[in-house]
Amino acid sequence: MNNKQHTLFVCTTCASVWQDGKRVGESGGQQLLQQLQQLAQTWELQNQFSIQGVECMSACSHACVVAFQAEAKLTYLFGNLAVDGSASAILQCATQYYTKPDGLLPWSERPEALKRGILAKIPPLSKWTKLHRNCC
């Protein structure tokens, strides 16, 4: 199928409680990351997807935030994901992302939890490199 490495990034700063400029307790993002890692132990794509925690993805007003990324594919950034109840939908969407050669995730095909939370769809760097070489 697809032998390129795929990555699911999870913001670990999302849904944090702050007191006197310091994070208190475990953030919602850390909890979501743990849920994803737990579910991924029996996921058919566990060896094709790396699940990585990221300290901050700068979408704080849209906590919790995740991103799908792979070489030569669109990168997706999703936010406003519930800490409890969205991990399964995230892995389902990651499976869809994996099976698409370009990573395109049409709205109608996404799990419900990821239909309204899209923050960005970023073209692959390889597309911009080709455009730059062919212009000017």
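Cys64 is found in the loop that runs between strand β4 (49–54) and strand β5 (66–70). In this predicted model, Cys64 is joined to Ala63 by a cis peptide bond, with omega at about 0°. The loop between β4 and β5 also holds Ser58. Ser58 is not a glycine, yet its phi is positive, at about 55°. The relative accessibility of Ser58 is 66%, so this residue counts as exposed, the threshold for that class being over 50%.

A positive phi in a residue other than glycine is likewise found at Ala72, where the angle is near 65°. Ala72 belongs to the loop between β5 and β6 (75–78). With a relative accessibility of 37%, Ala72 counts as partly exposed.

The overall architecture comprises 3 helices and 7 strands. In sequence order these elements follow the pattern β-β-β-α-β-β-β-α-β-α. Along the principal axes, the C-alpha atoms of the protein fill a box of roughly 50 × 40 × 25 Å. The radius of gyration is 16 Å, which agrees with the value near 14 Å that a compact globule of 136 residues would have. Of the 136 residues in the protein, 42% are buried. Among contacts with a separation of 6 or more, 65% are accounted for by residues 24 or more positions apart.

The packing of two helices was examined next. Helix α1 spans residues 28–40 and helix α2 spans residues 87–99; their axes come within 9 Å and cross at roughly 60°. The angle therefore makes α1 oblique to α2, since roughly perpendicular begins at 65 degrees. The crossing of the two helices is right-handed. On the α1 side, the contact is made by Leu32, Gln35, Leu36, Leu39 and Ala40, and on the α2 side by Ala87, Ser88, Ile90 and Leu91. By residue class, this contact of α1 with α2 consists of 7 nonpolar and 2 polar residues, with no charged residue.

Helix α2 also contains Gln92. The relative accessible area of Gln92 is 43%, so Gln92 is partly exposed. Gln92 and Gln30 are 62 residues apart along the chain, and their C-alpha atoms are separated by 20 Å.

Two further positions concern the region of β3 and the loop that follows. Ser27 is placed in the loop between β3 (22–24) and α1. The relative accessibility of Ser27 is 0%, and Ser27 therefore counts as buried; the limit for this class is under 20%. Apart from neighbours within four places in sequence, Ser27 is in contact with Thr12, Thr13, Cys14, Ala15 and Ser16.

Arg23 lies in strand β3 itself. With a relative accessible area of 28%, Arg23 is partly exposed. When neighbours within four places in sequence are left aside, the contacts of Arg23 are with Thr12, Thr13, Ser16, Val17, Trp18, Gln30 and Glu55. For one of these partners, Thr13, which is 10 residues from Arg23 along the chain, the C-alpha separation is 8.7 Å. Thr12, Thr13 and Ser16 thus appear among the contacts of both Ser27 and Arg23.

In strand β5, Ala70 was considered. Ala70 is buried, as its relative accessible area is 3%. Not counting residues up to four places away in sequence, Ala70 touches Gln5, His6 and Tyr97. The C-alpha atom of Ala70 is separated by 8.6 Å from that of Tyr98, with the two positions 28 residues apart along the chain counted as their distance apart.

The accessibility classes of the individual residues can be set side by side. Ser27, in the loop between β3 and α1, is buried at 0%, and Ala70, in strand β5, is buried at 3%. Partly exposed residues include Arg23 at 28%, Ala72 at 37% and Gln92 at 43%. Ser58, in the loop between β4 and β5, is exposed at 66%.

How values were computed. Residues numbered from 1 in each chain as written. Predicted model: local features only at pLDDT ≥ 70, side-chain atom pairs only at ≥ 80, totals over all residues. Heavy atoms only, no water. Axes fitted to C-alpha atoms, helices over the stretch in contact; angles between N-to-C directions. Helix = DSSP H or I, 4+ residues; strand = E, 2+ residues; numbered from the N terminus. Parallel < 35°, antiparallel > 145°, perpendicular 65-115°, else oblique. Left-handed = near helix turned anticlockwise from the far one by under 90°. Contact = heavy atoms within 4.5 Å. Nonpolar A, V, L, I, M, F, W, Y, C, P; charged D, E, K, R; others polar. Rg over C-alpha atoms; globule rule 2.2 N^0.38 Å. Buried < 20%, exposed > 50% of the residue type's maximum accessible area, 1.4 Å probe, protein only.
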